[in-house]
Structures are given as structure tokens and as C-alpha cells.
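The following paragraphs explain a single protein chain, moving from a local backbone feature to the fold as a whole. The reader is invited to keep the sequence and the coordinates in view throughout.

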Amino acid sequence: MISFVPPLSRLLLWPSLIIALSLWLKGGASVGGGFPAGALAGLAVLLQYVTAGRDQARRFVAVRYAAPLAGVGLLLVVGTAFVPVLAGYTPMSLFPRPDQPEIGVGGLHLHTALVFEGGLMLIVFGLVVTVIDRFALRTGTETEEESGP
């Protein structure tokens with residue numbers, strides 16, 4: 001393998017995750033953002049798997065706990081969909097309501113769409129990384145068995 005690719009992939013990891021975070025925040029302010037943010041973060045981790053291997057990629061806490069992160073994301077999505085029903089609103093109601101002031105700083109306004117998109121991002125990231133990890137585990141196991149006595 002070309003020697004500059006692994007360091008370059010490590011160098012690209014954090015900017016990719018920051019861009020994914022900005023996609024998520026953009027999705028909270030308008031339609032969409034959670035899915036592409038999760039996919040971009042998952043692809044950044046995939047690059048680590050390809051260039052550095054499974055052991056190096058699993059150094060990151062988010063990679064080791066990707067499946068539980070997907071579960072937390074599912075709880076966030078379901079919660080934002082059905083908690084308004086408990087208060088007498090329709091499912092997927094947006095809070096704060098149109099007649100209530102929004103909480104936020106600058107262009108970032110905090111509301112339930114941001115939570116929903118965050119949950120969607122966690123689901124996508126968790127599933128992508130879990131699938132990648134399972135393939136890497138299976139591939140590594142088969143390679144060790146083939147090279148054994």
C-alpha cells in the first residue's frame with residue numbers, strides 16, 4: 001500500500017466528522033441532514049477500517065459502541081415522534097409551537113426537528129459502522145483460519 005494513505009486517512013477523519021456534525025445541525029434548521037451526516041461519518045470510519053485495519057479503527061469509542069448508538073438514535077426518533085401524543089398533539093409535532101419563542105443562538109434554533117435528525121444520524125452511523133465491523137471481523141477470522149496450520 002502507498003505509505004502516505006494511512007496518515008492521510010487519519011488526517012481526514014476529524015474534518016469529516018466535523019462536516020457530518022454541520023450537516024446534522026443544518027438538518028435541524030431545515031429539512032434533511034441526519035441521514036447524510038450519519039452516512040458521511042460512517043464513510044469516514046470505513047476509510048479507517050480500509051487503511052488501518054479493524055483494531056486501529058476500534059480505538060474510537062463511537063466505533064466500539066456503534067450498535068448501542070443506533071439504539072439510542074432509534075429511541076430519540078421514536079420519542080420525538082410519539083411524545084407529543086402524550087401532550088395531546090399529533091405525532092411528529094414540532095416544538096416549540098409557532099406561537100412560542102424559539103430558543104437558540106444565531107442561526108441555530110433548538111427544536112424537536114434537531115433531536116429527530118440527531119437520532120436519524122445515530123441510527124445511520126450505528127448501522128453503517130456495525131455492518132462494516134461485522135464484515136471486518138468475518139474477513140479477519142477467515143484470513144487467520146486460511147493462514148493457520
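In this predicted model, G53 adopts a positive phi of about 100° just after helix α2. The helix that precedes G53 covers residues 34–52. With 19 residues at 1.5 Å each, α2 should span 27 Å, and its end C-alpha atoms are indeed 27 Å apart, so expectation and model agree.

Which residues of α2 are buried? They are G34, A37, G38, A41, G42, A44, V45, Q48, Y49 and T51. A general property of helices is useful when reading such a list: an α-helix has 3.6 residues a turn, so residues three or four places apart point the same way.

Y49, one of the buried residues of α2, leads to another part of the chain. Y49 is touched by D133, which also touches R54 and R58, when residues up to four places away in sequence are not counted. D133 itself belongs to helix α6, formed by residues 112–147. Is D133 buried or exposed? Its relative accessible area is 4%, below the 20% limit, and D133 is therefore buried. A further relation across the sequence involves A66: the C-alpha atoms of A66 and D133 are separated by 9.3 Å, although the two residues are 67 positions apart along the chain.

The aromatic side chains offer a second link between distant parts of the chain. The count of aromatic pairs comes to one. W14 and F60 form this pair, with an edge-to-face arrangement, a centre-to-centre separation of 6.1 Å and 80° between the planes. The partners are 46 residues apart, W14 lying in helix α1 (residues 5–29) and F60 in the loop between α3 (54–57) and α4 (61–64). F60 has a relative accessibility of 23% and so counts as partly exposed. The ring of F60 also has a charged group over it: the charged end of R59 sits 5.3 Å from the ring centre.

Attention now turns to the loop between α5 (66–86) and β1 (103–105), where S93 is located. The relative accessibility of S93 is 6%, and S93 therefore counts as buried. A polar atom of the S93 side chain lies 2.6 Å from the backbone oxygen of T90. Once neighbours within four places in sequence are left aside, S93 is in contact with P84 and T112.

M92 lies in this loop between α5 and β1 as well. M92 has a positive phi of about 65° although it is not a glycine. How accessible is M92? Its relative accessible area is 45%, so M92 is partly exposed, whereas S93 is buried.

These local features can be placed within the overall architecture. The protein contains six helices and two strands, and from the N terminus on the order of its elements is α-α-α-α-α-β-β-α. Of the 149 residues, 30% are buried. Among contacts with a separation of 6 or more, 66% join residues 24 or more positions apart. The accessible surface of the protein comes to about 9300 Å², and carbon and sulfur atoms account for 73% of this area.

Notes: Residues numbered from 1 in each chain as written. Predicted model: local features only at pLDDT ≥ 70, side-chain atom pairs only at ≥ 80, totals over all residues. Heavy atoms only, no water. Helix = DSSP H or I, 4+ residues; strand = E, 2+ residues; numbered from the N terminus. Buried < 20%, exposed > 50% of the residue type's maximum accessible area, 1.4 Å probe, protein only. Contact = heavy atoms within 4.5 Å. Areas by Shrake-Rupley, 256 points an atom, 1.4 Å probe, with all protein chains shown as cover. Expected span 1.5 Å × (residues − 1). Polar contact = N/O pair within 3.5 Å; in protein donor to acceptor, adjacent residues only side chain to side chain. Phe/Tyr/Trp six-rings, centres within 6.5 Å; stacked < 30°, edge-to-face > 60°. Lys NZ or Arg CZ within 6 Å of the ring centre and 35° of its normal.
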